[in-house]
Amino acid sequence: MQLPDMNLLVALDALLDEGSVVGAARRMNLSPAAMSRTLTRIRDAVGDPVLVRAGRGLVPTPRAIALRSQVRQVVEQANQLFSANHDLDLASLERAFNLRANDVFIAPFSAPLLDAMRQQAPRTVLRFVPEGAGGDEDQALRDGRLDLYISATRELGPEIKVQGLFSTTFVCLARNDHPIFDDEITAERFAAFEQISVSRRGRALGPIDSALGVLGLQRRVALITPSFHSGMFSLPDSELILPLPEHMLHSVARLGLPLRSFRMPFALEPVQVMQAWHPRFDNDPAHRWLRQTLKACCSRQP
DNA sequence: CCGAAGCTCAAAGGCCGACC
DNA sequence: GGTCGGCCTTTGAGCTTCGG
């Protein structure tokens with residue numbers, strides 16, 4: 001049986017990633033001419049143009065886009081196969097770790113994590129990547145665009161691995177002289193003030209509204225922001241209330257804004273924050289080290 | 001030794017942005 | 001609008017390596 005040339009897979013991976021013959025050639029230490037000929041062989045093998053001219057550069061065909069994540073996965077698995085027995089040398093490890101997280105994690109834990117990385121693996125880079133279109137976490141984890149996804153969501157693919165990091169409860173933030181502090185804070189008084197909802201997907205309703213609903217109450221969300229930090233800057237000049245995870249209070253206090261916190265006047269389920277990764281990284285020593293380091297940071301902090 | 005495969009070098013041709 | 005230079009991909013020619 002004639003096996004296909006596996007080197008073509010590595011080249012295809014580089015070509016799809018770079019979107020350029022010159023870029024892929026540079027990555028593989030080849031001349032552009034050699035990479036161009038390799039692309040010709042890939043086209044013959046796949047039976048598709050794979051990359052077609054668009055102006056000065058190249059763009060992927062639909063077939064290439066469909067193949068992309070599969071190619072990435074196969075190449076990474078092959079890499080692991082050949083490097084699985086190598087000891088991890090953190091001192092010389094050069095790698096950028098791509099994480100997607102919101103400020104519930106970033107505010108309290110990014111500094112300790114970065115500190116641990118600097119001490120143990122000084123040549124690694126921590127990169128927080130922005131939200132993709134329409135919540136593409138599953139695909140980004142599969143493609144290897146994301147090393148870790150840190151979130152409270154459980155709506156991930158069945159193969160995705162998750163590990164609990166910490167649990168946090170919601171407290172509220174309002175300006176120092178907010179009228180809510182004038183009297184006892186009850187659920188009724190809480191619901192009477194306009195509020196900020198933090199949602200990366202632009203949602204106004206969440207667990208707080210469900211809990212209020214049980215009490216026969218309803219609040220009005222006047223402002224929706226993508227992060228807690230962007231929301232809190234609207235507090236000093238308004239009567240808005242911002243519910244936010246307790247874990248963020250310490251870093252909020254350091255900002256020196258004229259804000260004051262108070263406990264939720266009704267019961268709310270704690271939020272479990274987890275880290276999620278694709279199973280192909282399970283045995284990757286560097287990835288395992290990152291997960292352990294991150295988990296340790298979360299365990300140490302309040 | 002020979003052919004196949006894959007490489008480099010050099011050159012051609014297309015496209016884009018800057019400049020007049 | 002036309003010209004020019006730079007960048008990119010592609011292709012022809014020739015070289016090296018390797019297996020039969």
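Student: Are Phe105 and Phe109 buried or exposed?
Tutor: The model is predicted. Buried means under 20% relative accessible area. Phe105 and Phe109 share one status: buried.

Student: Which helix holds Phe105 and Phe109, and how far apart are they along it?
Tutor: Both residues lie in helix H5, residues 103-120. The spacing is about one turn of the helix. In sequence, Phe105 and Phe109 are separated by four residues.

Student: What kind of aromatic pair do Phe105 and Phe109 form?
Tutor: Their centres are 5.7 Å apart, with 40 degrees between the planes. Planes under 30 degrees apart count as stacked, and over 60 as edge-to-face. The angle of 40 degrees therefore fits neither class. The pair of Phe105 and Phe109 is tilted.

Student: Which residues form one aromatic cluster with Phe105 and Phe109?
Tutor: The cluster takes in Phe105 and Phe109. Its other members are Phe128 and Phe166.

Student: Why is the pair of Phe190 and Phe266 classed as it is?
Tutor: The ring centres lie 5.4 Å apart. The planes meet at 65 degrees, and over 60 counts as edge-to-face. So Phe190 and Phe266 are edge-to-face.

Student: Where do Phe190 and Phe266 lie, and how many residues apart are they?
Tutor: Both are buried. Phe190 is in helix H7, residues 187-192. Phe266 is in the loop between strand E11 (259-263) and strand E12 (271-277). The pair links distant parts of the chain, 76 residues apart.

Student: Which ring does the charged end of Arg291 sit over?
Tutor: The charged end is 4.4 Å from the ring centre. The ring belongs to Trp277.

Key. Residues numbered from 1 in each chain as written. Chains lettered and ligands numbered in written order. Predicted model: local features only at pLDDT ≥ 70, side-chain atom pairs only at ≥ 80, totals over all residues. Heavy atoms only, no water. Phe/Tyr/Trp six-rings, centres within 6.5 Å; stacked < 30°, edge-to-face > 60°. Helix = DSSP H or I, 4+ residues; strand = E, 2+ residues; numbered from the N terminus. Buried < 20%, exposed > 50% of the residue type's maximum accessible area, 1.4 Å probe, protein only. Lys NZ or Arg CZ within 6 Å of the ring centre and 35° of its normal.
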